[in-house]
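Reader: Please take me through the strand pairing in this model in detail. Start with the smallest piece and then follow the pairing to wherever it leads.

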Protein chains: 2
Amino acid sequence: MARGDDSFEEIDIAVKAIIANVRQNGDEALLAYTKTFDGVSLASLKVSEEEITEALETIEPSFLTILKNAKDNIREFHQHQLEKSWFVKKGNGIILGQKITPLKRVGVYVPGGKAAYPSTVLMDVIPAIVAGVEEIVIVSPPNKEGKVNPAVLAAASIAGVTEIYKVGGAQSIAALAYGTKSIRPVDKIVGPGNIYVARAKKYVFGTVDIDMIAGPSEVCIIADGTQNPAYVAADLLSQAEHDEMAASILVTDSEQLALDVQVEVEKQLKVLERNKITRASIENFGHIFVVDTLDDAFEVVNEIAPEHLELLLDNPFDQLPKVRNAGAIFLGAYSPEPLGDYFAGPNHTLPTSGTAKFSSPLGTYDFLKRSSVIYYSEQELKNVKDQIIQFANEEGLTAHANSIRVRFE
Amino acid sequence: MARGDDSFEEIDIAVKAIIANVRQNGDEALLAYTKTFDGVSLASLKVSEEEITEALETIEPSFLTILKNAKDNIREFHQHQLEKSWFVKKGNGIILGQKITPLKRVGVYVPGGKAAYPSTVLMDVIPAIVAGVEEIVIVSPPNKEGKVNPAVLAAASIAGVTEIYKVGGAQSIAALAYGTKSIRPVDKIVGPGNIYVARAKKYVFGTVDIDMIAGPSEVCIIADGTQNPAYVAADLLSQAEHDEMAASILVTDSEQLALDVQVEVEKQLKVLERNKITRASIENFGHIFVVDTLDDAFEVVNEIAPEHLELLLDNPFDQLPKVRNAGAIFLGAYSPEPLGDYFAGPNHTLPTSGTAKFSSPLGTYDFLKRSSVIYYSEQELKNVKDQIIQFANEEGLTAHANSIRVRFE
């Protein structure tokens, strides 16, 4: 079922005006928008060292330890995604290869207010650091006191980022893409944001690179009849609490489990804090598919291409090859989705809304780029020159042919 | 220097109308646009087997052989870019990994008319085939006789694609993204096209994936005083003949070479077939930078981030580490850029207009996607459950905490 619609005309008009204003008026425009949208007049956009120290002192030491443990796990996982330059020799004087270079400067958008998640700071920053990006900059809207959320500052500091600006919305995306006096432009912008941020990112795509534009979150759970309905229900609800547009979907071959899960969902819903959001999500986009066989379940799931997929099955590793489209796959009864959100190490920035059909979790590879390398000796070029000259002539590009020919005249 | 401008408002209005019409009226809209824009009334959009056979018979056998040799080189290079799923064990019951899956269905746009390049067919299709994409479909506008360029059909057939539709422009991008009765939707669209195609690709990005939006082409050549000015001039001109917006740039530490190359450019220009386009490009966007040292040359080039970079230097391999931003790097006097356009194996679809700062050549990796895999045993989840519960509570996501807690109650 489609969630949301793709008509953003009014938002796009506003976003384009904001971007044009920032390109023209730079920091002045940023400060004016911050006053209008965030309700605070700032003297300076940059978060000071003192503010970062202050934030670290505000945070409970036990939580700082957890953030550090999470960081270690995230770093370790993302190191497996590093790529190396390679070169191959061919013939008698041909070398071909691929040179890997990290991006130089990257911007990370971190939402403010209630959606300020330190876990997202870790997940967006650490892959860039592992890739070897030299400069990582965070933008995040300030609160009415002109401060960035302390948990965000603490996570940034633990991850290793100290260049942080108090600016949000489409205006911050414009600053990152085109630069202002305070904020030098970046090569790539990542991180989640509201619809203005998302549309601004789409607008600047091409001038800079962006990560995928995130839609509402979703989980699919494939569970057989042997599974504990309380686990299934809890996992569906954990996804649903994100947002009224979130989708929680169970696919099972057991009618009994389908019934039991519904009872459990009702029971657990009653005691949840984010009860209203969670109930709205479950009622609007929650769904249970009862299928004949587990193979049918995988067919349904591959068509949905969910952000998160849990395989609550007896033999999840045996079934893994059947998964074609999913952002992250959680295997077995003790790998619930929140384990991946916070702690296990793989990234929680994942393709949503079916885009797992063609895209990947955020990873180290998103902060690396490749250059092809070509070397031919005189003799090896001579061996193939007539073929290249004919090919170029066939395409009507005779100066291309000439560039080969001139070397053998 | 900026080339072109980024104001596409009128084009975008036209493109949105075309896309909306195709989404609503499907094949009927495609056929109507083909009549309007390509001047031909088609009975069927699909290229028949007979038409492909006919095309293969039209092409000179020696050129078919060259296409096959180029295909072998391209395939061999792109096989080095294949990625494998990996899994790692941690602790006493943790398995983390990354599952690699090819995209299922990919669309390749191939321009018609004079810009119909069989080399581009090979370069766009072969990486998808190497990646394991099951279904590859080509769209290309027909000529007034209702035929697709025979060299394009021959290259498609040699590369292994037989699902080809006679439709171009923004309408073909809409068909590939949203599907019609004749053309099922794809997961990703690649390939160059005019500004309508480029804007349509940007519009549908998110519904499907796209490759980078190509701007005008460019080459930078770093050459020292020992180089043959005739080679340098020929290589600058081969880039310039593409298009009046193409940019050919020499960066050298030798004033003498700079002077000699200018003489050679004039001399060679006179006898080139695409003289007018080439001269316009050289006059508008051709440039020679004379720098004090080669290190300065690399600084200039890394700022330009050219699509193609030639290192016409005595010791190009020693200098290679200084290259940070370039799509493809050609080393030494016998590796001119046309070698890479047609034959050597690396892709000729490269990041243009400075986007080599953050993006890569088209490659096998563009047709693969990753899914994270997470498995924790009961004991391993128990070891970290309190940390995850506290983290979730800190972010105010108590249903996330509950999904962990319920497993140990």
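Author: Two strands are taken to pair if DSSP finds at least two bridges between them. The model is predicted, and every pairing below is read from its coordinates.

The hairpin of chain A is the place to begin. Strand 1 of chain A, residues 86-90, runs antiparallel to strand 2 of chain A, residues 94-102, and 5 bridges join the two. Within this pairing, A:Phe87 stands opposite A:Gly97, a residue of strand 2. The hairpin has 3 residues between its strands, and A:Gly91 there takes a positive phi near 55°.

Next comes the sheet of chain A. Here 5 strands form an open sheet with parallel pairing, in the order 5-4-3-6-7. Its edges are strand 5 and strand 7 (209-210) of chain A, each of which pairs on one side only. At the strand 7 edge, 2 bridges hold that strand to strand 6 of chain A, residues 188-190, in the parallel sense. One residue pair can be named for this contact: A:Ile189 has A:Ile210, in strand 7, as its bridge partner.

Side chains also link strands of chain A. A:Glu163 and A:Arg105 form a salt bridge, with an N to O distance of 3.0 Å. Because A:Glu163 belongs to strand 5 (residues 163-165) and A:Arg105 to strand 3 (residues 105-109), the pair ties together parts of chain A that lie 58 residues apart in sequence. Over all chains, the whole structure holds 46 salt bridges.

Chain B has an open sheet of 5 strands as well, in parallel pairing and in the order 5-4-3-6-7. Strand 5 (163-165) and strand 7 (209-210) of chain B stand at its edges with a single partner strand each, so one side of each has no neighbour in the sheet. Elsewhere in chain B, strand 3 (residues 105-109) is joined to strand 6 (residues 188-190) by 3 bridges, and the two run parallel. B:Val106 finds its bridge partner of strand 6 in B:Lys188.

Strand pairing also crosses from one chain to the other. Strand 13 of chain A, residues 368-376, runs parallel to strand 12 of chain B, residues 328-331, and 4 bridges join them. In this pairing A:Val373 is bridged to B:Ile329, which lies in strand 12 of chain B.

That pairing leads to the interface as a whole. Contact involves 121 residues of chain A and 122 residues of chain B. The two chains bury about 10,800 Å² between them, and 60% of that area is on carbon and sulfur atoms. There are 63 residue pairs in polar contact between chain A and chain B, both residues being at pLDDT 80 or more. The count of salt bridges between the two chains is 10. Among them is the one between the side chains of B:Glu9 and A:Lys16, at 3.7 Å from N to O. On the side of chain A that touches chain B, the residues divide into 61 nonpolar, 31 polar and 29 charged.

The last point is how the two chains are related. Chain A is superposed on chain B by a rotation of 180° with 0.0 Å of shift along the axis, at an RMSD of 0.0 Å. This is therefore the relation of a two-fold axis. A:Lys202 is the residue of chain A that comes closest to the rotation axis, with its C-alpha at 4.3 Å. Both copies use the same surface, since 100% of the contact residues of chain A recur in chain B.

Note on methods: Residues are numbered from 1 along each chain as its sequence is written. Chains are lettered from A and ligands numbered from 1 in the order in which they are written. This is a predicted model: local features need pLDDT of at least 70, side-chain atom pairs count only at pLDDT 80 or more; totals for chains, interfaces and linings use all residues. Side-chain values use heavy atoms; hydrogens and water are left out. Contact means heavy atoms within 4.5 Å. Buried area is the accessible area (1.4 Å probe) that two parts lose on being put together, summed over both. A salt bridge is a side-chain nitrogen of Lys or Arg within 4 Å of a carboxyl oxygen of Asp or Glu. A polar contact is a pair of N or O atoms within 3.5 Å; within protein, one must be able to donate a hydrogen and the other to accept it, and residues adjacent in sequence count only if both atoms are side-chain atoms. Ala, Val, Leu, Ile, Met, Phe, Trp, Tyr, Cys and Pro count as nonpolar, Asp, Glu, Lys and Arg as charged, and the others, Gly among them, as polar. Helices (H or I, at least four residues) and strands (E, at least two) are DSSP runs, numbered from the N terminus. Copies are superposed by least squares on the C-alpha atoms of residues with pLDDT of at least 70 in both.
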